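Visitor: I have a model open and would like to learn how to read it. Where do we begin?

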Amino acid sequence: MKIAEVSKRYGVSTDTLRYYERIGLLRHVPRNKSGIRDYDEASCNAVEFVKCMRDAGMSIESLVEYMELLEQGDETTAARKELLLTQGDEIRERIAGLERALARLEYKIEHYDEVMTATERTLRAGE
């Protein structure tokens with residue numbers, strides 16, 4: 001699959017895909033005889049993983065470290081797991097923060113509903 005197709009499929013710009021390859025996030029992207037990238041299933045799976053982790057807020061540095069560990073093989077399984085556990089903890093913290101923000105937002109909306117209802121009653125009473 002050509003880079004433009006991968007870009008469209010995963011919603012990642014071609015420049016970003018090239019950048020990810022250059023810094024080691026996408027390793028071993030096959031090329032055809034003309035030297036043009038020809039993403040295979042493994043490469044597409046890597047793109048999907050990287051995009052998912054970036055969408056989840058994982059830093060480029062942590063992802064590069066993860067991919068380097070992955071390249072080293074099974075002896076790095078525990079270290080890779082630890083990186084993912086850390087990422088999971090960070091996501092849970094962000095979710096908790098978002099839930100607090102949502103609760104505050106809902107409280108303010110309810111407050112404004114009450115204010116508006118009271119104002120409407122006052123206006124109607126004055127008619």
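Guide: With a long element and what packs on it. This is a predicted model. The buried residues of α5 are covered in part by α4, which is included in what contacts them.

Visitor: Which residues of α5 are buried?

Guide: R80, L83, Q87 and G88 are the buried ones in α5. The general idea for reading such a list is periodicity: an α-helix has 3.6 residues a turn, so residues three or four places apart point the same way.

Visitor: How many residues does helix α5 have, and what does it reach from its first C-alpha to its last?

Guide: Helix α5 covers residues 77-125, which is 49 residues. From first C-alpha to last it reaches 71 Å, close to the 72 Å expected at 1.5 Å a residue.

Visitor: Now the pockets. What lines the largest pocket?

Guide: Read a pocket by its volume, then its lining, then the chemistry of that lining. The largest pocket holds about 220 Å³ of space. Its lining consists of L25, R27, H28, D40, A42, S43, N45, A46, F49, M67, L70 and E71. Two elements, α3 (41-55) and α4 (60-72), each give two or more residues to this lining. The largest share comes from α3, with 5 residues. By class, the lining has 6 nonpolar, 3 polar and 3 charged residues.

Visitor: H28 is one of those lining residues. What is notable about the phi of H28?

Guide: H28 has a positive phi, about 60°, although it is not a glycine. H28 sits in the loop between α2 and α3. With a relative accessible area of 62%, H28 is exposed, because the cut-off for that class is over 50%.

Visitor: Is G35, in the loop between α2 (14-23) and α3, buried, exposed or partly exposed?

Guide: G35 is partly exposed, because its relative accessible area is 33%, and that class runs between the 20% and 50% cut-offs. For a distance across the model, take G35 and L83: they are 48 residues apart along the chain, and their C-alpha atoms are separated by 34 Å.

Visitor: How many aromatic pairs are there?

Guide: The count is 2 aromatic pairs. To read a pair, take the distance between ring centres and the angle between planes. Y19 and Y20 form a tilted pair, at 6.1 Å centre to centre with 45° between the planes.

Visitor: Which of these is buried, Y19 or Y20?

Guide: Y20 is buried, at 10% relative accessibility. Y19 counts as partly exposed, at 34%.

Key
Residues are numbered from 1 along each chain as its sequence is written. This is a predicted model: local features need pLDDT of at least 70, side-chain atom pairs count only at pLDDT 80 or more; totals for chains, interfaces and linings use all residues. Side-chain values use heavy atoms; hydrogens and water are left out. On a 1 Å grid over the protein atoms alone, a cavity is a set of points where a 1.4 Å probe fits but cannot get out, and a pocket is an open set with protein on both sides within 12 Å along at least five of seven lines; lining residues have an atom within 4 Å of a point. Grid points are joined across faces, edges and corners, and a volume is the space filled by probe spheres set on the points. Helices (H or I, at least four residues) and strands (E, at least two) are DSSP runs, numbered from the N terminus. Ala, Val, Leu, Ile, Met, Phe, Trp, Tyr, Cys and Pro count as nonpolar, Asp, Glu, Lys and Arg as charged, and the others, Gly among them, as polar. Buried means under 20% relative accessible area, exposed over 50%, partly exposed in between (1.4 Å probe, protein chains only). Rings of Phe, Tyr and Trp (its six-membered ring) pair if their centres lie within 6.5 Å; planes under 30 degrees apart count as stacked, over 60 as edge-to-face and the rest as tilted. The expected span of a helix is 1.5 Å times one less than its number of residues. Contact means heavy atoms within 4.5 Å.
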